[in-house]
Amino acid sequence: MSKPLQKDRDIVLIEWIDAYECASGWIELEEALKTKPPTVYSLGFVLKEEKDYITICADLGREGDSDCGRVQVIPKTWVKKTILVDKL
């Protein structure tokens, strides 16, 4: 029989600004100046939260497992908003 999922993890929705790189090669200066960083929304389990960054993952293994998947480390200076969605 399978063990239950890992417990005591906050599930958060993070709205953040990501870095963006224009296509390689030459582009018009006017086009480059119009380029803005994209807003990204990430949903996941909080693995670690430090002063400068937050680490979340989309997938967790079973209780007792140390596996997690689709990990993101997001710099706090890029975060616009964090919403607590639920607690596992």
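**Aromatic pair**

I looked for aromatic pairs first and counted 1 aromatic pair. It consists of Trp16 and Trp78, whose ring centres are 6.4 Å apart. Their planes meet at 15°, so I list the pair as stacked. I note that the model is a predicted one.

The two tryptophans come from distant parts of the chain, 62 residues apart. Trp16 belongs to strand S1 (residues 10-17), whereas Trp78 sits in the loop between strand S4 (68-75) and strand S5 (79-87). I then checked exposure. Trp16 has 7% relative accessibility, which is under 20%, so I enter Trp16 as buried. Trp78 has a relative accessible area of 33% and is partly exposed.

**Sheet**

I traced the strand order next. The 5 strands make an open sheet, ordered S4-S3-S2-S1-S5, with antiparallel pairing. S4 and S5 are the edge strands, and each of them pairs on one side only. From one strand to the next I read an average twist of 40°.

I went through two of the pairings. Strand S2 (residues 39-49) runs antiparallel to S3 and is joined to S3 by 4 bridges. I found Lys48 bridged to Thr55 in S3. The connection from S2 to S3 is a hairpin through 3 residues.

Strand S3 (residues 53-60) pairs with S4, also in the antiparallel sense, over 7 bridges. Here I recorded Tyr53 opposite Pro75 in S4. I also recorded Cys57, whose bridge partner in S4 is Val71.

**Arg70**

What is the phi of Arg70? I read a value near 55°, which is positive in a residue other than glycine. As background, most residues other than glycine have a negative phi. Arg70 is in strand S4. Its relative accessible area is 62%, which is over 50%, so I mark Arg70 as exposed.

The side chain of Arg70 meets that of Asp59 in a salt bridge, 2.8 Å from N to O. This pair links distant parts of the chain, with Arg70 in strand S4 and Asp59 in strand S3, 11 residues apart. Asp59 is partly exposed at a relative accessible area of 31%. In the same check I found Glu15, Lys80 and Lys81 joined into one network by salt bridges that share partners.

**Other salt bridges**

How many salt bridges are there by the rule used? I count 7 salt bridges. One of them joins the side chains of Lys87 and Asp10 at 2.9 Å, N to O. Lys87 is in strand S5 and Asp10 is in strand S1, 77 residues apart, and the pair links distant parts of the chain. I list Lys87 as exposed, with a relative accessible area of 51%. Asp10, with 27%, is partly exposed.

I also looked at Lys34 and Glu31, which form a salt bridge with their closest N and O atoms 3.5 Å apart. Both residues lie in helix H1, 3 residues apart, about one turn of the helix. Lys34 is exposed, having a relative accessible area of 51%. Glu31 is partly exposed at 42% relative accessibility.

**Helix H1 and Leu33**

Helix H1 covers residues 29-34 and includes Leu33. Is Leu33 buried or exposed? I find a relative accessible area of 68%, so Leu33 is exposed. I also took the separation of Leu33 from Tyr20, 13 residues apart along the chain, and got 13 Å between the C-alpha atoms.

**Surface patch**

I looked for nonpolar surface next. Leu43, Ile83 and Val85 make a nonpolar surface patch of about 270 Å². Of these, I placed Val85 in strand S5.

**Loop residues**

I ended with two loop positions. Arg62 is in the loop between S3 and S4. Arg62 is partly exposed at 39% relative accessibility. Arg62 and Leu47 are 15 residues apart in sequence, and their C-alpha atoms are 15 Å apart in space.

Lys76 is in the loop between S4 and S5. I list Lys76 as partly exposed, at 27% relative accessibility. From Lys76 to Ser42 I read 13 Å, C-alpha to C-alpha, with the two residues 34 apart in sequence.

Methods
Residues numbered from 1 in each chain as written. Predicted model: local features only at pLDDT ≥ 70, side-chain atom pairs only at ≥ 80, totals over all residues. Heavy atoms only, no water. Buried < 20%, exposed > 50% of the residue type's maximum accessible area, 1.4 Å probe, protein only. Phe/Tyr/Trp six-rings, centres within 6.5 Å; stacked < 30°, edge-to-face > 60°. Pairing = 2+ DSSP bridges. Axes fitted to C-alpha atoms, helices over the stretch in contact; angles between N-to-C directions. Patch = residues over 30% accessible without salt bridge, like charges linked within 9 Å, V, L, I, M, F, W, Y side chains within 5 Å. Areas by Shrake-Rupley, 256 points an atom, 1.4 Å probe, with all protein chains shown as cover. Salt bridge = Lys/Arg side-chain N within 4 Å of Asp/Glu carboxyl O.
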